[in-house]
Amino acid sequence: MTDRKPPGVSFESWVDRQIREATERGAFDDLPGAGKPLAHENRPYHEMWWIREKLEREGLSFLPPSLVLRNELHEALDAARLAPTEALLRTRLAEVNSRIEAALRRPIEGPPLGVAPVDIEAAVTEWHRKQA
């Protein structure tokens, strides 16, 4: 596709010819994702879809770190409630507690954190109560 459109040829027929010739050469064979459904096909359209996908791929967030930590705490509490073993429950809560303690020692960007480390022993007691 490095050729320029010749004068007097309609743009559409020139592009169609370029595509047909590339197809005949096999330029479109074995492309990644061939035969697979489009990603996020069932999601509603968002004008900044490509930014969202880039953030997901890179593991980035558009939320301030304090709000990300709050979300992590809620996710950890939900995961801990469903933990199959006490050891896994303790591990999940200890991980989020270490992040919270680090944020309390050295404040992070965004609105005030507004959370305290989770009382792991109280969570374990509650978990045992629900298991029985």
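Colleague: What volume does the largest pocket have?

Modeller: Rolling a probe the size of a water molecule over the atoms shows where empty space is left. In this predicted model, the largest pocket comes to about 210 Å³.

Colleague: Which residues line the largest pocket?

Modeller: The lining includes Leu38, Ala39, His40 and Glu41. Arg43, Pro44, Tyr45 and His46 are also part of it, as are Trp49, Arg52 and Glu53. Sorted by class, that lining holds five nonpolar, two polar and four charged residues.

Colleague: Trp49 is in that list. Where does Trp49 lie, and is it buried or exposed?

Modeller: Trp49 belongs to helix α2, which covers residues 49–58. For accessibility, under 20% is buried, over 50% is exposed, and values in between are partly exposed. Trp49 has a relative accessibility of 44%, so it counts as partly exposed.

Colleague: Which residues form the nonpolar patch on the surface?

Modeller: Trp49 is one of them, together with Tyr45, Met48, Trp50 and Ile51. Their joint accessible area is about 590 Å². Tyr45 and Trp49 also appear in the lining of the largest pocket.

Colleague: How much space lies in the second largest pocket, and which residues line it?

Modeller: The second largest pocket holds about 170 Å³. Among its lining residues are Arg52, Leu55, Glu56, Leu60, Ser61 and Phe62. Leu63, Val68, Asn71, Glu72 and Glu75 line it too. Arg52 is also listed for the largest pocket.

Colleague: Which helices supply the lining of the second largest pocket?

Modeller: Helices α2 and α3 (65–81) each give at least two residues. The largest share, four residues, is from α3. By class, the lining divides into five nonpolar, two polar and four charged residues.

Colleague: Now a loop residue. Where is Asn42, and is it buried or exposed?

Modeller: Asn42 sits in the loop between α1 (11–25) and α2. Its relative accessible area is 78%, and because exposed means over 50%, Asn42 is exposed.

Colleague: How many residues apart are Asn42 and Asn97 along the chain, and what separates them in space?

Modeller: Along the chain they are 55 residues apart, and their C-alpha atoms are separated by 36 Å.

Colleague: Where is Val118, and is it buried or exposed?

Modeller: Val118 is in the loop between α4 (86–105) and α5 (120–131). With a relative accessibility of 17%, Val118 falls under the 20% limit and therefore counts as buried.

Colleague: What is the spacing of Val118 and Val96, in sequence and in space?

Modeller: In sequence, Val118 and Val96 are 22 residues apart. In space, C-alpha to C-alpha, they are 8.3 Å apart.

Technical notes
Residues numbered from 1 in each chain as written. Predicted model: local features only at pLDDT ≥ 70, side-chain atom pairs only at ≥ 80, totals over all residues. Heavy atoms only, no water. Patch = residues over 30% accessible without salt bridge, like charges linked within 9 Å, V, L, I, M, F, W, Y side chains within 5 Å. Areas by Shrake-Rupley, 256 points an atom, 1.4 Å probe, with all protein chains shown as cover. Salt bridge = Lys/Arg side-chain N within 4 Å of Asp/Glu carboxyl O. Buried < 20%, exposed > 50% of the residue type's maximum accessible area, 1.4 Å probe, protein only. 1 Å grid on protein atoms, 1.4 Å probe; cavity = no way out; pocket = protein on both sides within 12 Å on 5 of 7 lines; lining within 4 Å. Points joined across faces, edges and corners; volume = space filled by probe spheres on them. Nonpolar A, V, L, I, M, F, W, Y, C, P; charged D, E, K, R; others polar.
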